[in-house]
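Have a look at the model below, and then let's work through some questions about it together. Each answer walks through a little reasoning before it lands on a result.

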Amino acid sequence: MSIITFWNDTREQSGKTLTSVAIATRMAIERNSKILLISTSIADTTMKKCFWAEDNKKNNFLGTKAVNIAVENGIEGLLKLVTSNKLTPSTITDYTKVVFKGRLEILPGPIGTKGRSLEGNIEDFKKEQEYYPDLIRMANQYYDIVIVDLDKMLTTKVKEDILKISDVNVFVLSQKMESINRYIELKQMNQDLIKNRCIPVIGKYISNYKYNSKNIARFMQERKEMDLMPFNLLYMEAAEEANVADLLLKLKSVKDKTDENYIFMECTLNLTNNILKKLQELQMRMRWKDDTY
C-alpha cells in the first residue's frame, strides 16, 4: 500500500491536478489495483469535472459553480469523522465517487456547506485541513494506492506532513524559470522528499518551446531527460466535459508513433511505470535496511 503525492512549490500553473488525474486513470487502466485519488483543493471542481458533469448547479461559497450535494459532502464528512475518531479504513469508500469499479475512486476537495457564509466555510476548512494526513494514512490501510493532489492553499505544516508520509512525491514543474529554479533550490537543500523520493515531471509540456526537455535537463544538470506530461487538446477538452476515462481508453488504440495522442499516452504510461518503479526501489531499500538490523 503506497501514497503518491503530486505537488508544486510555486505559483505557476503547471497542470498538477490534470497530471494527477491522468496518471491515476492510466494506472487504474493498466493495473488491477484499488486506487483512491484525493483532491485537497478547496472550492475547485477541476478534478470532479474530469469525470462527472455538473448536474445540480448552484453557487458555492467562493462564487463559482459547485458540484452536487452528494459529492460536496464527501470530504467534509470524512474529515468530521476523523475529528471525532469515528473513521475506519473501510468507511472511506462510502464517501467516494467511483470511476472504475474496484479500481479507481475519487474524493473531490471540499466545496463548503450550503447556506453557510464565505467566512464560516473558510474557517471550517482551516480547522479541518490539519486532519488530511490522518485521513490519507487511514485510506492507505484500505486502498492499494492513494494518490494525493496537494493544494497550495494548505498550511505549510499540513503540506509538509503529507509529503513526509508519502512514498513518492511527484514534483510537477512548468516550463518557466521560476518553477525550474525552485525545484533546483529544493534539490540543493538535500531534503529527503527531493533527494530520495521525488520524481520531477514537466506539466503541460510544449515541445517547440525554448525550455524544452533537453534544455531543462541540461540546465538542471540531470543525467537524463525528465518525464513529460504533454499539453494535449483532446485531454484538455475531456477534462472540461467529464470524458477523461473514456478518452484514455479510446486513445490506447492509437498506433501511429508520430501522432500527438500516441505521444501523450506514451508519456502517461512512462510516468506511471516510473512511479511504480520508484515505489519498488524504495520498498526494496526498506527491506534491505530491515534485514541489516
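Q: Which residues are linked with R182 in a network of salt bridges?
A: Keep in mind that this is a predicted model. One link in the network is the salt bridge between E185 and R182, with the closest N and O atoms 2.9 Å apart. The network as a whole joins R182 with D9 and E185.

Q: About how many helical turns separate E185 and R182?
A: An α-helix has 3.6 residues a turn, so residues three or four places apart point the same way. E185 and R182 both sit in helix 7 (residues 177-188), three residues apart. Their separation is therefore about one helical turn.

Q: Is R182 buried, partly exposed or exposed?
A: Buried means under 20% relative accessible area. R182 has a relative accessible area of 22%, and its partner E185 has 39%. E185 therefore counts as partly exposed, and for R182 the class is likewise partly exposed.

Q: How many salt bridges does a search of the whole structure find?
A: The pair E185 and R182 is one salt bridge, and K252 with E30 is another. A search of the whole structure puts the total at nine.

Q: How many residues apart in sequence are the parts tied together by K252 and E30?
A: The side chains of K252 and E30 meet in a salt bridge, 3.3 Å from N to O. K252 lies in the loop between helix 11 (244-251) and helix 12 (260-292), while E30 belongs to helix 1 (residues 16-30). The pair therefore ties together parts whose separation in sequence is 222 residues.

Q: What is the relative accessibility of E30?
A: K252 is partly exposed, with a relative accessible area of 38%. E30 also counts as partly exposed. For E30 the relative accessibility is 34%.

Q: How many of the 15 residues of helix 1 are buried?
A: A residue is buried when its relative accessible area is under 20%. Helix 1 is mostly covered. Of its 15 residues, the number buried is 14.

Q: What distance separates the end C-alpha atoms of helix 1?
A: At 1.5 Å a residue, the 15 residues of helix 1 should span 21 Å. The distance between the end C-alpha atoms agrees with that expectation, at 21 Å.

Q: Which residue meets K80 in a salt bridge, and is that partner buried or exposed?
A: K80 lies in helix 3 (residues 69-83) and is paired with a residue of helix 4 (residues 118-128), so the bridge ties together parts 48 residues apart in sequence. K80 is partly exposed, with a relative accessible area of 43%. The partner is E128, at 3.1 Å from N to O. With 11% relative accessibility, E128 counts as buried.

Q: How far apart in space are N121 and I42, C-alpha to C-alpha?
A: N121 is placed in helix 4 and is buried, with a relative accessible area of 4%. Along the sequence, N121 and I42 are 79 residues apart. In space, their C-alpha separation is 9.9 Å.

Q: Leaving aside neighbours within four places in sequence, which residues are in contact with A53?
A: A53 is found in the loop between helix 2 (46-49) and helix 3, and is exposed at 53% relative accessible area. The C-alpha atoms of A53 and A242 are separated by 5.5 Å, although the two are 189 residues apart along the chain. The contacts of A53 are K48 and A242.

Q: Which residue has its backbone nitrogen 2.8 Å from a polar side-chain atom of N212?
A: N212 is located in the loop between strand 7 (198-205) and helix 9 (213-219). Not counting residues up to four places away in sequence, N212 touches Q175, Y205 and S207. The backbone nitrogen in question belongs to N215.

Q: Which residues form a nonpolar surface patch with L233?
A: L233 lies in helix 10 (residues 233-240) and counts as partly exposed at 48% relative accessibility. The patch has about 380 Å² of accessible area together. Its other members are I206, Y209 and F231.

Q: What share of the 293 residues in the protein is buried?
A: The secondary structure comes to twelve helices and eight strands. The accessible surface is about 14700 Å², with 48% belonging to carbon and sulfur atoms. Among the residues, the buried share is 53%.

Terms used: Residues numbered from 1 in each chain as written. Predicted model: local features only at pLDDT ≥ 70, side-chain atom pairs only at ≥ 80, totals over all residues. Heavy atoms only, no water. Patch = residues over 30% accessible without salt bridge, like charges linked within 9 Å, V, L, I, M, F, W, Y side chains within 5 Å. Areas by Shrake-Rupley, 256 points an atom, 1.4 Å probe, with all protein chains shown as cover. Salt bridge = Lys/Arg side-chain N within 4 Å of Asp/Glu carboxyl O. Helix = DSSP H or I, 4+ residues; strand = E, 2+ residues; numbered from the N terminus. Buried < 20%, exposed > 50% of the residue type's maximum accessible area, 1.4 Å probe, protein only. Polar contact = N/O pair within 3.5 Å; in protein donor to acceptor, adjacent residues only side chain to side chain. Contact = heavy atoms within 4.5 Å. Expected span 1.5 Å × (residues − 1).
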